[in-house]
Amino acid sequence: MSHGGNGPYGPPPPPPYRPYVPYPPPHTPLWRRFREDEWPTLREVLRSASQLHACLWMVALCCFGPTVVGLLICYPLARSARTQARRVFPPSAHLRIHFPDVVRIQRNRAWAALAATFALMVAYASPDDWDQAIQQFALRMAISPWLLLLSAPLVITVIIRLAAPAARAGMRARLRPSLRSALWYCGAFAATPGLFVGGFYLSHQLDGVTLAPLLSIVLLLPALWMGLFVAFASPTVVRSAFQTAPVHAALPALLTGVLVWEFAAISLAMGGLPPGPTALALIAAIGGPATVSALAWWEIHRLRTSHGVRLRA
C-alpha cells in the first residue's frame, strides 16, 4: 500500500505532453465576405476563380478582355477604399440599441418596394420613363448626404429643445463625433472633383512624353480612389445620419422619416407621379414614404417601451 506515491511502484508517470493546437476558424464563403466582412485580397479572388473551367476563362478574356483586365487592376484600389471607408465610418458603431427584427423588416420592405417599383415600370413605363427613373436614382444617390446635412441640424435642434434642460449640455457634447463625421465626408466629397480636374490637367501637360498614357492613369488613381471612398461611405453616412445615435437613440429613425418625405417631394416636383393609373400611381408615390415612416415610428416605439428612450423631457 502506498501513500503519496511512495509505494514500491513509485508515482504514476505524467501524461504525455500535447501542445495546444487551436481549431481553424470557420471558412467564410467569398460572397459573404464581399457582403459583410472585409473583402478578400486579389490573390484569394484569383485562387477562387482558378477553379473555373479554362474554357470559361478563354471566353471571358476573348469577349470581355479589357473589362476583365480593368477589374483586376481596379480591384485592389476598390478594396483599399472600402476598408478605409469602413474604418472612418464604421457600419455598426453608430447603433446604440439594435433590434434585429426591425432591421429584418426594414430590409424586407426595401426589397418589396424595389420589386413593386420594377413591376410597375415594366407594366406601364415608356422608354422615357425608364430614362427619367435612372436619372432620379442617380440624383437621389448624389444629393442624399447633402440633403441629410441640411436636415440633420434642424431635427437635432428640435430634439435638444425637447430634452430636459439638464441633459442638453451632454447632448451638445456628444455632437462632436457627428460633426467630425460630417467634415470627413464633406471634405472627401469636395476633394473628388478637384483631384479629377487636377489629374486631367497634369495629364494634358504630358503630351508627347514617353509613357504618357501610363503616367496619366497613375495621376488619375488618387481621384478614382477618393471617388470609391465616397461611394462606399455614402450608404453608412445616410443610414447612420452622420453617427447621430450617441446624441439621441431615436435620431437615425427620425432623420430617415424626414428624408424619405423630402425625396418624395423632390421626385414629384421633378418627374410627377409614377407611370400607370392615377390611383396606382398615388399609392406608389405615397406608399413608400408612408411605410418607411411607419417603420421608423415603430422603432421609436420599441426604443420607448424597451429602453425608456423618450423624445420629450
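**Entry 1: Val 218**

I looked up Val 218 to see whether it is buried or exposed. With a relative accessibility of 48%, Val 218 counts as partly exposed, because that class lies between the buried limit of 20% and the exposed limit of 50%. I located Val 218 in helix H8. I then noted that Val 218 belongs to a nonpolar surface patch of about 600 Å². Its other members are Leu 211, Leu 214, Leu 215, Ile 217, Leu 221 and Leu 224. I record here that the model is predicted.

**Entry 2: Thr 236**

I turned to Thr 236, which is also found in helix H8. Thr 236 has a relative accessible area of 7% and is therefore buried, the limit being under 20%. Which residues does Thr 236 touch, not counting those up to four places away in sequence? I found Phe 89, Pro 90, Pro 91 and Ala 241. For Pro 90 I also checked the separation: Thr 236 and Pro 90 are 146 residues apart in sequence, yet their C-alpha atoms are 7.5 Å apart in space.

**Entry 3: Helix H9**

I followed helix H9 from residue 251 to residue 271, a run of 21 residues. From first C-alpha to last, H9 reaches 30 Å, close to the 30 Å expected at 1.5 Å a residue. I listed the buried residues of H9, among them Leu 251, Pro 252, Leu 255, Leu 259, Val 260 and Phe 263. Ala 253, Gly 257, Ala 264 and Ser 267 are buried in H9 as well.

Against which helices do the buried residues of H9 pack? I noted helix H5 (127-162), helix H8 (212-240) and helix H10 (278-307). The helix that holds Val 218 and Thr 236 is thus one of these partners of H9. After H9 comes Gly 272, and I recorded its phi as positive, near 75 degrees.

**Entry 4: The whole protein**

I counted 10 helices and 0 strands in the protein. Of its 313 residues, 27% count as buried. I noted that the protein exposes about 20600 Å², with carbon and sulfur atoms supplying 69% of that area. Among contacts with a separation of 6 or more, 78% join residues 24 or more positions apart.

**Entry 5: Confidence**

I closed with the confidence of the prediction. The protein averages a pLDDT of 79, and 80% of the residues score at least 70. Among the elements, H10 has the highest mean pLDDT, 87, and helix H1 (residues 30-35) the lowest, 67. Where pLDDT is low, the predicted coordinates should not be read in detail.

Technical notes. Residues numbered from 1 in each chain as written. Predicted model: local features only at pLDDT ≥ 70, side-chain atom pairs only at ≥ 80, totals over all residues. Heavy atoms only, no water. Helix = DSSP H or I, 4+ residues; strand = E, 2+ residues; numbered from the N terminus. Expected span 1.5 Å × (residues − 1). Buried < 20%, exposed > 50% of the residue type's maximum accessible area, 1.4 Å probe, protein only. Contact = heavy atoms within 4.5 Å. Patch = residues over 30% accessible without salt bridge, like charges linked within 9 Å, V, L, I, M, F, W, Y side chains within 5 Å. Areas by Shrake-Rupley, 256 points an atom, 1.4 Å probe, with all protein chains shown as cover. Salt bridge = Lys/Arg side-chain N within 4 Å of Asp/Glu carboxyl O. pLDDT = per-residue confidence, 0-100.
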